[in-house]
Amino acid sequence: MAELLRLEGLSKRYIGTQALDGVDLAIAAGEVLCLAGANGSGKSTLMKCIAGAEAPDSGKIIWEGRAFNRLKPADSMRLGIEIIYQDLSVFSDLSVAENIAFHVIQARHRAWVDWGAVRKVAAEALRELGASLPLDARLGDLPIGARQTAAIARALTQDCRLLVMDEPTTALPSRDVARLLDMVRRLKMKGIAVLFVSHKLDELFAVADRFAVLRDGRKIGDYAPAELTIERLGLLMTGIAVKGEKAPVEFDVTAKPLLSVEGLSRGGQYHDISFALRPGEIIGFAGLTGAGRTEIALSLFGLNPPDAGRLALDGREVRFGSPLEAVKAGIVLVSEDRHSQGLFARRAIRTNIASSVYERQKDRFGLVFGGAERRIAERWVERVRVKTPSVDEPAQSLSGGNQQKVVLAKWLATDPRILILDNPTVGIDVGSKMEIHDIMRELARQGRGVIVISDDLDELVISCNRVFLIEAGAIAGEFSGPDLTVERLSGRLRQVV
Amino acid sequence: MEPMHEESLEPNAAGWRSRLLAQLTGRGGGRGGGISLLAGLILIYVVMVALRSPDFLSLASLLDLIRSGAAWTVVALGVLVVMVSGGIDVSFLANAILSAYVATALSRWFGIDSLTFALVVAIGVGALVGAVNGLIIYLFSLPTLITTLAMQGVIQGVLMVFLGAQPITASRMPISLRNFGTDVLFEVPLGPGYIGLTVFVIPLVIAAISTWLLLNRTAIGRATYALGSNPTAALRCGVNLLKVNLVIYSYAGALAGLMGLMMVSDIRLVDPVTLVGNELFVLAAVVIGGAKLTGGAGSVTGVLLGMTLVTLLNNTLVTIGLSASWNRFFIGFALVFIASISHYRAKLRNLRQLNFDNI
């Protein structure tokens, strides 16, 4: 395979951090390279240098033998480098066809739009991908997988030689991952090089030709998929060994349930869900995205009200009209998307943590000053080990893992009795992930109940006492004790797919 | 290979309430959202008025509606374009009067009594003021509301200084302008006299067609929708923000200038306070017509219908036994009502995808 892009000794320094430190990287036409790295390892900076959004301090970017000191965004586009950012950069209000053919419409010499040509271009790009989408649908009405497909198709309408995808699988339901891999194989056959930039790589083993690992701005090495396992990759990324051992917390199985759920149903989403959560127990929900896991969790939290069934806390029936009532009763939900639903990114860490407990910050005149906020925040920063110089830093200055700890701390400050965590470790590095698992176990030891929804079977196996498999809105299986293994769970999940 | 995502593309079976609402508001999505609801409301209102006064259902009423709504619709079309981009322009009425004043004053100064000359000047001045808006917004990345509000203040101040004491009255206006305000394309007999179709219908049709072409058939129009829908993505895709800003704000300004000339020809007075405070009606018409304040949505048809509703309310409240003072109440009410419905629709759509952003 002909070499397409080579980076030689790329370095970039920001104030306080060496983001990239002499990185060498090469990718050939038709090659699928996975660039793995934890948060803060420099992979975003590397991607920006390729996109032309950042200029490296030193080093060379060599495209088919031509050396550049830096690329400008226009150079990068002209060379055939297409970047798909994590947010996909698509237009919800526009149609599928227009999204895909956007560059064609906006081409420099064109003033008028030929809608027939737009549809043709879009249909052709989708055909090349082996995908089909309704061309006239509003893109915002389609699920995330369809939006990603449109973003890839849009890249194909340009003379794309190298497709860079940032965190392509992080927000994707598992069945869409298979479709993504299918599309990548087609791109590969067309001789297009694909660079995945991600920290969630287990799904990419199937399609990757090579892995490159970045840690602290340095390249650790290149590896063939055959010489790697998920554990070893995790170790390379973080330098910490991932202990994939089962370590559930013991709890009193005869204790009175904290939460009992009986025959909970909601039309079109889930039906007849019954289980009991005891103090100190960690229950996991496995299943595909869309199977009803998140929908059930939202109902327990007072959003998405159920049509039928009962909920009881300590044996007393409850009915929540809003999340506020659920929080007051001691149930909190840490949602999957911390960016839009859990974090005030620009506000200080202390404001984030204390935002759930304004009542407790009131002085005797009912006024809120900063002192209580700082005390509450500092206590929690220490307890969940948020790595930050001060609680005054904005939340967005933290790495993904530490941001998630701040969100957790915010809810822990309310002293909840039951925590529902929806994919609590998505998008964070392995080290932070293990720390969050430790926090979960610590909460269980304190006698709280925990419900974890996760796509990461490993995570469920090592921390849960019981795991329910949710399938088409119903509990299709229960795994505990020796039955609770990744092999068993993934075996059952595969049957579903 | 089987079609992708097939099973998840259909909306979930929803309750009767949301189904009814979907019927009411049309499933047109971002572009045609709420159009059928609006048309229905207009129909209901027309029937209400007709029950009180059967004479209302006549060609005369229609001609009158066009006459009183034409200029306002022209300026609303410009506001639409800005709103699609995610911005808002509140300087349009001040700009309209300024443009009309400059056109009239230059006509008198040079002694030129020509409608074409006045039109060119008014549209040119309007476009220039708009371009300044667009340039300031681009250069300093300012919020569009603040920029255009400031521009409104500046223009009003200038007008008060130059014109405050001496408005240009009918007798001092060029004859061609006065004729522009009264000319008709054809007349039909009505009672003892005649009623005609105002020539204002020509600029109205031209503005509607050119706005539709701009928004739907040009690259820059589509870039405007893209910018309103997702500004970050639009910039990443290489949309030229300066160019789009200059084009849309100048276009809105040009239509404001045209509207100003139509207004002063109609009321035969150039006075700085004539139009002030009526921004609500125009903004309401555009939003009622389906434009989102956050950008990315809105259509010419929507503006035509929205302005029809607003003009109907303005003209006919007296007919159904309410004083004209109720205008603002009803228009404000209609604005909140329609905006709430469209927000509720967006919420239902988001709920189906378990997105609780705007609950």
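Select first the buried residues of helix H5 of chain A (buried: under 20% relative accessible area with a 1.4 Å probe, protein chains only): A:Val118, A:Ala122, A:Ala125, A:Leu126 and A:Leu129. Viewed down the axis of H5(A), these residues fall within an arc of 95°, so they line one face of the helix; the arc is taken from the directions from the helix axis to the C-beta atoms. This is a predicted model, in which local features need pLDDT of at least 70 and side-chain atom pairs pLDDT 80 or more, whereas totals for chains, interfaces and linings use all residues. Residues are numbered from 1 along each chain as its sequence is written, chains are lettered from A and ligands numbered from 1 in the order in which they are written, and side-chain values use heavy atoms, without hydrogens and water.

Next, turn to the face of H5(A) directed away from its buried side, where A:Lys120 and A:Arg127 are exposed (over 50% relative accessible area). Then display helices H3 (96-100), H4 (102-105), H6 (144-157) and H7 (174-189) of chain A, which are included in what covers the buried residues of H5(A). Helices here are DSSP runs of H or I with at least four residues, numbered from the N terminus.

Move to chain B and select helices H10 (residues 201-217) and H13 (residues 241-267), whose axes come within 12 Å and cross at roughly 170°. Axes are lines fitted to C-alpha atoms over the stretch in contact, with angles from 0 to 180 degrees between N-to-C directions. H10(B) and H13(B) are therefore roughly antiparallel (over 145 degrees).

Key:
Helices (H or I, at least four residues) and strands (E, at least two) are DSSP runs, numbered from the N terminus. Angles under 35 degrees count as roughly parallel, over 145 as roughly antiparallel, 65 to 115 as roughly perpendicular and the rest as oblique. Contact means heavy atoms within 4.5 Å.
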